[in-house]
Amino acid sequence: MSIKLEIDKTSFSNVNKRLKKVGYKVRTNVMRKGMRRFTAVIRNRARELAPVRTGNLKKSITSKTSSRAKTGMIIGRVFISRKRGVHYGHIQEYGSYVRKQPARRFMTRAFEEFNDEDLFGHFVNAALIEELRKMGLSK
């Protein structure tokens, strides 16, 4: 069970203008860093909303960020990792008709609360300022 975020570099113009002034490698790093911070916010909110019995479900909620060089897409995923032995995340999220367990929708609610390109743009802008300071181009 995962929530996948795909944001194209052309989708927010004000930050995009600033990104075009830096090189491809810096731009990709800035976008990846912004997506990593954005998915961390969603991941942390999903952990807050997750039902707790043993705490394993809450601990298994994780996030990953990757980029596609050919398309220029930065992909962020917030998902329930099965590495911790949690195989019931989808049942908690969507419910079970057989067990008459209601849907909790903790992942969906976390995503809907923060599904905002302006917030993502804020994280990218902060990462860009940080990267420019490292390069000595901004105060």
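**Where helix α2 meets helix α6**

Start by selecting Val26, Val30, Met31, Lys33, Gly34, Met35, Arg37, Phe38 and Val41 in α2: they touch Leu119, Phe120, Phe123, Val124, Ala126, Ala127, Leu128, Glu130, Glu131, Lys134 and Met135 in α6 (contact means heavy atoms within 4.5 Å). Colour this patch by class and you get 14 nonpolar, one polar and five charged residues. Here Ala, Val, Leu, Ile, Met, Phe, Trp, Tyr, Cys and Pro count as nonpolar, Asp, Glu, Lys and Arg as charged, and the others, Gly among them, as polar.

A quick word on what's on screen: this is a predicted model, where local features need pLDDT of at least 70, side-chain atom pairs count only at pLDDT 80 or more, and totals for chains, interfaces and linings use all residues. Residues are numbered from 1 along each chain as its sequence is written, and side-chain values use heavy atoms, leaving out hydrogens and water.

Next, show just the two helices, α2 (residues 24-49) and α6 (residues 117-135): their axes come within 8 Å and cross at roughly 135°. That angle is why α2 counts as oblique to α6 (angles under 35 degrees are roughly parallel, over 145 roughly antiparallel, 65 to 115 roughly perpendicular, the rest oblique).

Now zoom out to the whole chain. What order do the elements follow from the N terminus on? They run β-α-α-α-β-β-α-α-α, with six helices and three strands in the chain (DSSP runs: H or I, at least four residues, for helices; E, at least two, for strands).

Last stop: switch on the surface. The accessible surface of the chain is about 8600 Å², and 48% of it belongs to carbon and sulfur atoms (Shrake-Rupley method, 1.4 Å probe).

Technical notes
Axes fitted to C-alpha atoms, helices over the stretch in contact; angles between N-to-C directions.
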